[in-house]
Amino acid sequence: MGTALDIKIKRANKVYHAGEVLSGVVVISSKDSVQHQGVSLTMEGTVNLQLSAKSVGVFEAFYNSVKPIQIINSTIEMVKPGKFPSGKTEIPFEFPLHAKGNKVLYETYHGVFVNIQYTLRCDMRRSLLAKDLTKTCEFIVHSAPQKGKFTPSPVDFTITPETLQNVKERALLPKFLLRGHLNSTNCVITQPLTGELVVESSEAAIRSMELQLVRVETCGCAEGYARDATEIQNIQIADGDVCRGLSVPIYMVFPRLFTCPTLETTNFKVEFEVNIVVLLHPDHLITENFPLKLCRI
Amino acid sequence: MAVFPWHSRNRNYKAEFASCRLEAVPLEFGDYHPLKPITVTESKTKKVNRKGSTSSTSSSSSSSVVDPLSSVLDGTDPLSMFAATADPVALAAATDSSRRKRDRDDNSVVGSDFEPWANKRGEILARYTTTEKLSINLFMGSEKGKAGTATLAMSEKVRTRLEELDDFEEGSQKELLNLTQQDYVNRIEELNQSLKDAWASDQKVKALKIVIQCSKLLSDTSVIQFYPSKFVLITDILDTFGKLVYERIFSMCVDNRSVLPDHFSPENANDTAKETCLNWFFKIASIRELIPRFYVEASILKCNKFLSKTGISECLPRLTCMIRGIGDPLVSVYARAYLCRALLTEMMERCKKLGNNALLLNSVMSAFRAEFIATRSMDFIGMIKECDESGFPKHLLFRSLGLNLALADPPESDRLQILNEAWKVITKLKNPQDYINCAEVWVEYTCKHFTKREVNTVLADVIKHMTPDRAFEDSYPQLQLIIKKVIAHFHDFSVLFSVEKFLPFLDMFQKESVRVEVCKCIMDAFIKHQQEPTKDPVILNALLHVCKTMHDSVNALTLEDEKRMLSYLINGFIKMVSFGRDFEQQLSFYVESRSMFCNLEPVLVQLIHSVNRLAMETRKLMKGNHSRKTAAFVRACVAYCFITIPSLAGIFTRLNLYLHSGQVALANQCLSQADAFFKAAISLIPEVPKMINIDGKMRPSESFLLEFLCNFFSTLLIVPDHPEHGVLFLVRELLNVIQDYTWEDNSDEKIRIYTCVLHLLSAMSQETYLYHIDKVDSNDSLYGGDSKFLAENNKLCETVMAQILEHLKTLAKDEVKTLEYIKKQSKQPDMTHLTELALRLPLQTRT
């Protein structure tokens with residue numbers, strides 16, 4: 001097995017906030033003693049932007065704007081060159097979490113065109129004969145609770161053939177009346193999106209009702225930008241022809257990592273929307289879109 | 001009439017026997033034999049040796065033949081369908097027992113689902129079966145690339161694991177069509193196994209996928225009659241999964257210093273455990289489809305305990321509402337059923353809070369699994385005591401608790417206290433009806449866990465409560481149940497009857513029909529459980545009393561069936577009484593029994609057989625040489641039979657018993673007694689009616705008579721002649737009776753009997769007879785082949801022959817009629833083969 005390098009972060013959920021001290025241990029385990037040229041630990045935080053294939057040609061001018069943005073980058077030397085004894089060696093570390101310069105520690109976010117990621121990397125340099133050892137470990141940054149009072153913004157909605165836009169042949173649509181409400185489109189990221197949906201009437205049988213969570217990522221600045229909406233997840237809330245007049249709960253947990261508080265910076269934006277999708281027999285798809293504002297309190 | 005002299009052929013029985021007997025061939029291992037189980041090993045050379053060349057092929061082919069019984073079961077016939085339905089039940093039983101054990105172990109931790117499920121499960125599987133073809137559509141890759149499973153991607157480890165999984169997913173969308181039910185069950189079982197394997201090999205994501213795919217199968221309601229069974233099979237997998245997840249998280253909370261207490265609070269769970277738990281919930285929350293999301297979340301609902309105290313009760317209403325989204329009513333109802341199963345423990349907590357509502361408490365006790373209630377018996381007793389009696393009477397609550405305790409055992413240490421606490425309340429119940437309803441249930445518990453002392457106390461208490469104002473008259477069913485329960489737990493009757501209050505308890509059954517019912521139960525239990533014959537005076541006294549009660553209930557109106565039942569029970573008792581070597585005591589018991597049970601013919605028959613057996617036992621003990629004392633005893637036995645037989649009604653019963661007892665007398669060298677039996681039998685023959693009643697139908701008796709006579713003749717061969725009577729006096733007398741008996745007109749029975757007589761006479765004229773009775777000289781040694789004896793014998797033969805010939809003549813007279821009959825018959829379409837016969841017959845007559 002040789003030598004193994006591991007990073008253990010103290011908090012089980014690996015969640016830290018700006019200004020906190022990230023602590024943990026680096027574990028070196030080996031059957032034999034290990035000769036090395038020093039062990040260092042690097043903390044890195046970057047925003048990776050990527051243009052979607054369809055916009056690459058058009059926005060080549062903004063090539064610069066998609067350069068990765070470093071938010072945090074610092075290295076500490078943990079151990080001077082020397083030798084580790086055989087067995088398990090634990091080296092504790094503490095890392096204050098401070099952004100580089102006047103940058104802001106954005107919240108960890110895994111998206112398609114925008115990625116905000118924080119890692120700890122431990123490097124053990126070794127002599128020429130032995131390969132250097134590296135271990136990377138992601139930790140998660142949550143932004144500080146937003147100031148100000150959280151105000152829910154409930155939305156009531158009604159969907160009928162008449163309320164729909166982008167309908168090719170309105171006459172062919174079966175009659176239906178859907179009523180519902182979202183308890184708030186201002187959402188706390190740790191709380192589920194809730195509401196209810198009632199099929200008051202529908203000529204056609206219902207096949208399925210779904211909640212589609214969509215991320216809208218914008219890269220670029222005022223002069224030109226790429227804006228792409230992609231699906232994060234799709235949650236079915238009704239399967240089959242549900243009872244008329246009985247409310248079906250709208251309930252969706254915001255997935256961790258794939259969502260973050262709605263973010264708007266000079267170079268990029270991350271926003272979220274939810275689509276309420278109703279599928280009718282034989283093949284009608286009705287979508288109602290609601291922009292969401294996510295925050296952390 | 002012409003005389004045909006008869007000469008018996010001399011026979012050498014020994015030589016004949018030797019020549020007729022098949023030669024015994026020793027069979028070597030591996031040789032063919034039709035009665036040996038079929039083996040594949042063939043050794044042809046040996047067979048050739050034994051059976052010759054022609055048979056060698058046949059034997060080798062037959063040894064390779066497929067067992068027809070086993071080939072039946074490979075799926076082509078209806079029986080295999082039966083096997084298919086039966087299998088899961090067996091399987092269910094096997095897993096149930098293990099589950100029950102496991103539940104008992106960690107019942108208090110897990111809470112548990114409610115009682116009847118284990119039973120219901122088996123029932124459902126056995127009941128909802130199908131012969132239609134089923135299909136399983138597994139699409140393991142459905143979640144691939146979606147955020148749902150990628151939630152895990154936060155750590156590298158999981159990411160690589162996902163990549164590994166891709167291999168598994170590739171092409172793993174498979175639809176299995178045309179499965180028989182058994183195939184389906186097997187597939188599900190395989191999935192269950194691969195779930196466990198995946199879990200064991202740390203492939204948690206794969207495990208989750210299997211569970212998701214399985215629960216997805218529940219949205220398919222095609223082949224609706226199999227759906228309940230499908231539900232059972234799949235929720236089993238879900239239960240397995242829920243348990244695995246729970247145990248895994250639970251084990252995370254256990255570090256080397258401390259173990260998590262059974263009723264832990266979320267603060268006790270460590271961060272890693274909580275994080276893992278959260279992870280699961282996030283993962284499940286992102287399952288795309290509604291039905292799998294619902295089922296999987298419900299299956300790990302218990303894990304909410306690690307996160308917050310109120311977690312489960314908060315989830316419950318949400319999950320309930322979630323079911324509204326299921327359009328198919330069947331699927332949604334089953335989803336609700338699953339939720340209920342997963343959550344009853346929570347309800348328990350809730351109703352504790354609800355201020356001990358008696359009605360609710362009762363519902364809980366009747367709905368929850370008995371083990372669950374039993375382990376908390378003391379709590380329940382406390383709650384029952386405190387609760388308000390206005391809405392729901394307490395005795396019903398105690399009854400419900402008692403019902404649970406009858407099914408499941410409370411902790412050892414609480415048992416006596418439970419009984420004391422409960423009985424304190426029960427004994428104060430004023431209304432005898434309330435009292436008995438409660439007491440009846442608690443008797444079971446008492447019998448199960450305590451000794452006869454406690455049972456005695458309880459019985460005494462019941463007597464005390466039920467005697468005033470003859471309250472027992474209104475409670476016979478309950479009292480009967482009490483007796484049944486006591487009997488069911490005390491298989492040792494000497495212990496049972498030493499329970500002082502048992503017999504006084506029986507005295508409460510004063511209505512005869514009920515009394516007899518109870519007696520029947522007791523006897524039934526005795527026959528079932530008494531292994532060894534007994535002479536315990538306590539048992540004998542009590543059971544004789546019980547049997548007498550049963551016997552005395554017989555009257556003119558008693559149904560045959562009832563009589564048969566009672567006789568069977570009494571006979572069972574009689575057979576179980578043995579005084580060992582004290583034969584005289586045994587005989588006096590039979591004498592006493594006869595006087596007690598004289599109205600039941602089968603019992604008398606049994607007694608005669610028992611006494612005959614006793615005589616033969618005596619003979620065996622003395623090795624055939626009776627002493628003066630045993631000879632006298634045996635004669636007493638014979639006398640017993642002789643005077644008992646005439647009191648029976650059935651004519652053939654009497655005949656056969658006379659013959660049988662005669663044989664026993666003969667075997668015990670009581671010659672004159674044997675003669676008396678045989679004479680009695682002979683003199684009874686003229687009374688045999690033409691028709692007798694057999695199982696309610698009238699049947700001609702001739703065939704029975706023929707059978708009896710043949711048997712009789714065989715015995716007569718060895719009966720020695722009485723010195724004061726003429727030669728073969730018994731045979732002569734019997735012949736006279738046969739001659740005088742009014743036979744059916746034109747029947748051949750009489751002639752058949754005569755041919756048998758010829759057999760007998762021929763056998764009698766041999767120098768040495770075919771068989772003998774030890775220590776009894778038969779006619780062969782008495783006469784020693786005396787010519788006078790032989791002449792007498794031959795004369796008899798001639799007479800019999802003449803009779804036979806006479807009959808043949810009468811048959812010839814009827815020939816014309818016969819011919820006409822045959823001709824008529826031959827005209828019918830399917831009787832043409834008779835035409836030829838009809839043509840031939842007249843020719844024969846002429847010649």
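Let's start with chain B of this predicted model: its pLDDT averages 77, and 76% of its residues score at least 70. Two stretches deserve some care as you look around. Over residues 39-115 of chain B the pLDDT drops below 50, although the model still gives this stretch 89 contacts beyond near neighbours in sequence. Residues 140-173 of chain B likewise stay under 50 in pLDDT, with 51 contacts beyond four places in sequence. For the complex, the predictor reports an ipTM of 0.89 and a pTM of 0.51.

Now turn to chain A. Here you will find 21 strands and 1 helix. Of the 297 residues in chain A, 51% are buried. If you take the contacts in chain A between residues at least 6 apart in sequence, 71% of them join residues at least 24 apart. The accessible surface of chain A is about 14,700 Å², with carbon and sulfur atoms accounting for 52%.

Next comes the place where the chains meet. Chain A and chain B each bring 28 residues to the contact. About 2,400 Å² is buried between them, 57% of it from carbon and sulfur atoms. The interface holds 2 salt bridges, and one of them pairs A:R256 with B:E275, whose closest N and O atoms lie 3.2 Å apart. There are also 9 residue pairs in polar contact across the interface, counting pairs with both residues at pLDDT 80 or more.

On the side of chain B that touches chain A, the elements giving two or more residues are helix 8 (147-150), helix 13 (271-285), helix 14 (290-299) and helix 15 (311-322). Helix 13 of chain B supplies the largest share, with 7 residues.

Methods:
Residues numbered from 1 in each chain as written. Chains lettered and ligands numbered in written order. Predicted model: local features only at pLDDT ≥ 70, side-chain atom pairs only at ≥ 80, totals over all residues. Heavy atoms only, no water. Helix = DSSP H or I, 4+ residues; strand = E, 2+ residues; numbered from the N terminus. Buried < 20%, exposed > 50% of the residue type's maximum accessible area, 1.4 Å probe, protein only. Contact = heavy atoms within 4.5 Å. Areas by Shrake-Rupley, 256 points an atom, 1.4 Å probe, with all protein chains shown as cover. pLDDT = per-residue confidence, 0-100. Buried area = accessible area lost by both parts, 1.4 Å probe. Salt bridge = Lys/Arg side-chain N within 4 Å of Asp/Glu carboxyl O. Polar contact = N/O pair within 3.5 Å; in protein donor to acceptor, adjacent residues only side chain to side chain.
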